[in-house]
Amino acid sequence: MPHSTSAKPSRSLVLARVCSRNVRLVWFLVLLVGVLGAVTPAQAYVRTRSEDDKYDLIWPDPAITLTVRTGGALPISVNDLLEATMRATGTWNAPANDSSIDFSVVSSAAAASDPAYDHENTISVRTSDWNAPLYGSGVLALTTVWTLGGAIVDTDTEINGVSPSAPWALLPDDPALAMMENNVDLQAALTHELGHAIGLAHPCSLGGPPDPPEVDNLGNPVVTCSPTLPASILNATMFPSATPGEIQERVLSDDELLALHDLYPVGQAPVVQGTTTSSGGCAVGGALDAAASGAVGSGAECSGAVIVVGAVLLARRRRGVRRS
């Protein structure tokens, strides 16, 4: 789990403490780091942890409704935005996954707004105010997750419609044809972000060893991201990169399938750690107003939370097509 810091590390964003002991705002950063790391065993996954490292995050109810906001001057057609979302949710919902995850999708004519704990799980294209340090010009998408204890209670995904490093598109299904285009595949990006939305983290750490150290589901330390990692990690949906012409993250790897089977088994309620009830209210404020304005709703006891900044960044090199 990334840790709070007052320094601004290279190629990453400053983490900031805001509000709530029980309601936590968690963002995910996807970044390609050109450093070497050790090999991680295949079929392992990493879960997102609470800021105090006490709880793994998970939805108590795996039936999750997503609202796609279609308002504003979108850099992609409404039809392609909705189609990409439907395909991405269908990937996680597939019966063959042997999982209880059940995304449903509705649309709204509203435009994108700042993430808010409002009991509405949203996907939107942000067309203004995508600025550093919380939003970087190379950041393609951000997912914000709100939690009570270890329970996920709200999630908002934002797509960079201001300054993406490559244009958005719904690429052809043929990998060879997709590779010929200089566009970033929205379906692949959303498939990755939905993994964050259900509590999955990256299979490698960004920018150096995290504090406290992260481990995967097998108890192995999480390795540092590197282009020299095994194909089983590089080709995973949750691997932190996105490259023009690439569609491999549309397909769940064995790691994500194992996570679905373990965390959201059919016929069983997900196991939630920590309390999921509290009282009182809290407002997000301070330096984070530009990225997460608005008040945290009633029913969330607040005394100090963290933001873990995160997203999908454009990789500086093209990765190979996913192997079957």
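Trainee: Is Glu-158 buried or exposed, judging by its relative accessibility?
Mentor: This is a predicted model, in which local features need pLDDT of at least 70 and side-chain atom pairs count only at pLDDT 80 or more, while totals for chains, interfaces and linings use all residues. Residues are numbered from 1 along each chain as its sequence is written, and side-chain values use heavy atoms, with hydrogens and water left out. Since buried means under 20% relative accessible area, exposed over 50% and partly exposed in between (1.4 Å probe, protein chains only), Glu-158, at 1% relative accessibility, counts as buried.

Trainee: With which residue does Glu-158 form a salt bridge?
Mentor: A salt bridge requires a side-chain nitrogen of Lys or Arg within 4 Å of a carboxyl oxygen of Asp or Glu. Glu-158 satisfies this with its closest N and O atoms 2.6 Å apart, and the partner is Arg-126. The pair ties together parts that are 32 residues apart in sequence, because Glu-158 lies in strand β7 and its partner in strand β5 (residues 121-126), helices (H or I, at least four residues) and strands (E, at least two) being DSSP runs numbered from the N terminus. At 6% relative accessibility the partner counts as buried, and its name is Arg-126.

Trainee: Which residue is joined to Arg-87 by a salt bridge and lies in the loop between β8 and α2?
Mentor: Within helix α1 (residues 78-93), Glu-83 and Arg-87 are four residues apart, which means a separation of about one helical turn, and their side chains meet in a salt bridge at 3.0 Å, N to O. Glu-83, with a relative accessible area of 34%, is partly exposed, and Arg-87, at 28%, is partly exposed as well. The other salt bridge of Arg-87, again 3.0 Å from N to O, is formed with Asp-173. That pair links distant parts of the chain, 86 residues apart, and the residue in the loop between β8 (168-169) and α2 (175-179) is Asp-173.

Trainee: What distance separates the backbone nitrogen of Val-162 from a polar atom of the side chain of Asn-160?
Mentor: Asn-160 lies in strand β7 (residues 151-160) and is buried, with a relative accessible area of 0%. Leaving aside neighbours within four places in sequence, Asn-160 is in contact (heavy atoms within 4.5 Å) with residues including Arg-126, Trp-130 and Trp-168. From a polar atom of the Asn-160 side chain to the backbone nitrogen of Val-162 the distance is 2.8 Å.

Trainee: How far apart are the end C-alpha atoms of helix α3?
Mentor: The expected span of a helix is 1.5 Å times one less than its number of residues. Twelve of the twelve residues of α3 are buried, so this helix is largely enclosed by the rest of the structure. For the twelve residues of α3 (residues 186-197) the expected span agrees with the separation of the end C-alpha atoms, which is 16 Å.

Trainee: Within what arc do the buried residues of α5 fall?
Mentor: In helix α5 (residues 254-263) the buried residues are Asp-255, Glu-256, Ala-259, Leu-260 and Leu-263. They line one face of the helix, because, seen down the axis, the arc within which they fall is 135°. These buried residues pack against α1 and α4 (231-234). Taking the directions from the helix axis to the C-beta atoms, the arc is therefore 135°.

Methods:
A polar contact is a pair of N or O atoms within 3.5 Å; within protein, one must be able to donate a hydrogen and the other to accept it, and residues adjacent in sequence count only if both atoms are side-chain atoms.
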